[in-house]
Amino acid sequence: MKKILTKDNSYTFYSDIYKEAYHTISGAFQEAFKKYVEPCNIKDYKNVKILDICFGLGYNSCAAIHEVLKNKGRIEIIGLEKDPKILKKIDNLKVPGYIQQSFDIIRKTSKNLSYEDERVKINLLVGDARKSIKKLDEKFDFVFLDPFSTRKNPELWTVDFFNEIRKLIKEGGVLATYSCSTYVRNGLIMAGFRIGDGPVFGRLMPGTLASVYGDIPGLKDEKILKAFNNVFRDPELNWSRERILKESGLL
């Protein structure tokens, strides 16, 4: 994996498997704050539980920990990550000073796949997220959904995977993702989510916020599903990338 310095002086890596960087070069840590932590208003919570799908280098979780600890709160995170190789990159990373305390927790987590103190609890499940998510039977305040792009990693952008996520979200909980693809938004709507625009950062288009029960900023008209009936399907949660793309007409 090639190491890349982003514009906020934090590092990311280029995936040889997916042929994409893990984060925007506009700022890897800033993306975590702007796309996930800030739109979810995590700073307003004293106790928060997060499902971090595609944990990667742990930046999204790290940013959330940073905000909760500033507020003297407590945070619990379950992270799903397919590639153990990216977790091994965490130990030698240098991060901006303001985030160092929280990243030290991520560093310890990457070694043992878990961490716990009086305010922070993290557990990592390593393997295909489609299988890992079925092992969970708890509810989360927030879901961070951060796979590679839709055509490179469609396995985690399907209606069927979104259905599994929906089962795990608390009343009033929010899913945040960087993508605004019609395949993603239509899939979320078909899975029973209401959707709205997330922030614009490092990309030309906004991210997406989704909720089953609550109102969200920039709520979009669900008639979009009728206008653009394009979604990814994976009914058994085991289809290959190629089959998912082929079934959707993209391959």
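Which residue is the bridge partner of L51 in β5? In this predicted model, the close-ups below begin with strand β4 and then turn to a pair of helices.

**View 1. Strand β4 and its pairing with strand β5.** The partner asked about above is I78, which bridges to L51 from β5. This bridge belongs to the pairing of β4 with strand β5 (residues 74-81), in which the two strands run parallel and are joined by seven bridges. Between these strands the chain passes through helix α2 (residues 59-70), and the resulting β-α-β crossover from β4 to β5 is right-handed.

**View 2. Strand β4 and its pairing with strand β8.** Strand β4 also pairs with β8 (residues 140-145), again in the parallel sense, through four bridges. Here L51 has V143 of β8 as its bridge partner. Because six of the seven residues of β4 (residues 47-53) are buried, this strand is largely enclosed by the rest of the structure. In a regular strand, side chains alternate between the two faces of the sheet.

**View 3. The crossing of helices α1 and α2.** Two packed helices are described by the angle between their axes and by the distance between those axes. For helix α1 (residues 28-37) and α2, the axes come within 9 Å and cross at roughly 70 degrees. Since an angle of 65 to 115 degrees counts as roughly perpendicular, α1 and α2 are therefore described as roughly perpendicular to each other. The crossing in which α1 passes α2 is right-handed. On the side of α1, the contact is made by A28, F29, A32, F33, Y36 and V37, while α2 contributes Y59, N60, C62, A63, A64, H66 and E67.

Methods: Residues are numbered from 1 along each chain as its sequence is written. This is a predicted model: local features need pLDDT of at least 70, side-chain atom pairs count only at pLDDT 80 or more; totals for chains, interfaces and linings use all residues. Side-chain values use heavy atoms; hydrogens and water are left out. Buried means under 20% relative accessible area, exposed over 50%, partly exposed in between (1.4 Å probe, protein chains only). Two strands pair if DSSP finds at least two bridges between them. A crossover is right-handed if, with the strands pointing away from the viewer, the path from the first strand over the helix to the second runs clockwise. Axes are lines fitted to C-alpha atoms, for helices over the stretch in contact, and angles run from 0 to 180 degrees between N-to-C directions. Angles under 35 degrees count as roughly parallel, over 145 as roughly antiparallel, 65 to 115 as roughly perpendicular and the rest as oblique. A crossing is left-handed if the near helix is turned anticlockwise from the far one by less than a right angle, and right-handed if clockwise. Contact means heavy atoms within 4.5 Å.
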